[in-house]
Amino acid sequence: MNIKNTDKYLSTQIVENCFFKGKVTSVDKQTCGNGFSTSFLNLPIQDNKINIIIAPNKAVVISKQQDYVANPHKYNNRIKFFYKESKDIDFLNADVLFFVADSFLQNKQIDGILHKIDKVLIDENHSVEQQSLFRWNLKDFEYKVKNKLYFDAISIVKVTASPTHFSKVDIS
């Protein structure tokens with residue numbers, strides 16, 4: 001599937017259309033446009049649901065957190081950020097949970113909200129693939145995410161800016 005985007009950034013509607021229940025969809029943001037994670041953070045949240053975004057590197061999470069704090073008017077949802085030094089410790093009053101990959105895999109609180117999870121975005125998936133060679137937590141990361149969640153009830157999108165040679169891309 002190809003996205004026909006003429007704007008500088010992807011709209012929330014385009015991002016919403018990339019999610020399919022019980023499926024993992026791979027998106028090449030290099031060809032369809034920028035702003036996937038920001039639009040994801042602004043997706044309308046269904047009642048009693050929560051969305052999750054996972055990035056392989058702490059710097060990505062911290063950068064988005066700094067933007068969230070500096071520019072709250074850009075965000076429609078309440079977001080909490082989880083990495084080793086984060087001040088966020090619980091999921092209360094959050095619409096979106098933003099994790100660095102290691103913190104996602106180690107967080108036991110997720111077990112208590114499995115029924116609430118709607119959409120999961122694995123951001124910067126090319127880094128997940130590349131770093132899995134030396135970061136064991138990232139090896140088979142997609143499988144680990146699916147195994148931790150009620151996969152049939154959620155939608156997962158893996159977004160990349162530079163797919164590797166053998167990576168399958170569903171949407172560009």
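This passage describes the sheet of a predicted model and the salt bridges found in it.

The sheet is open and consists of six strands in the order β1-β6-β5-β2-β4-β3, with parallel pairing. Because β1 (24-28) and β3 stand at the edges and each has a single partner strand, one side of each is left without a neighbour in the sheet. From one strand to the next, the twist averages 20 degrees. Helix α4 (residues 58-70) packs on the sheet, where it touches β2 (50-55), β3 and β4, and its direction makes about 145 degrees with that of β4.

Strand β3 (residues 79-82) pairs with strand β4 (residues 96-100) in the parallel sense over four bridges. Within this pairing, Val 96 in β4 is the bridge partner of Ile 79, and Phe 81 stands opposite Phe 98 in β4. Ile 79 and Phe 81 point one way from β3, while Lys 80 and Phe 82 point the other way, and all of these residues are buried.

Eight salt bridges are found in a search of the whole structure. In one of them, Lys 119 pairs with Glu 16, with the closest N and O atoms 3.2 Å apart; since Lys 119 lies in strand β5 (residues 117-122) and Glu 16 in helix α1 (residues 12-16), the pair ties together parts that are 103 residues apart in sequence. Lys 119 is buried, at a relative accessible area of 5%, whereas Glu 16, at 26% relative accessibility, counts as partly exposed. Another salt bridge joins Lys 21 to Asp 118, the closest N and O atoms being 2.3 Å apart. Here Asp 118 is buried, with a relative accessible area of 3%, while Lys 21 counts as partly exposed at 48% relative accessibility.

Conventions:
Residues are numbered from 1 along each chain as its sequence is written. This is a predicted model: local features need pLDDT of at least 70, side-chain atom pairs count only at pLDDT 80 or more; totals for chains, interfaces and linings use all residues. Side-chain values use heavy atoms; hydrogens and water are left out. Buried means under 20% relative accessible area, exposed over 50%, partly exposed in between (1.4 Å probe, protein chains only). Helices (H or I, at least four residues) and strands (E, at least two) are DSSP runs, numbered from the N terminus. Two strands pair if DSSP finds at least two bridges between them. Axes are lines fitted to C-alpha atoms, for helices over the stretch in contact, and angles run from 0 to 180 degrees between N-to-C directions. Contact means heavy atoms within 4.5 Å. A salt bridge is a side-chain nitrogen of Lys or Arg within 4 Å of a carboxyl oxygen of Asp or Glu.
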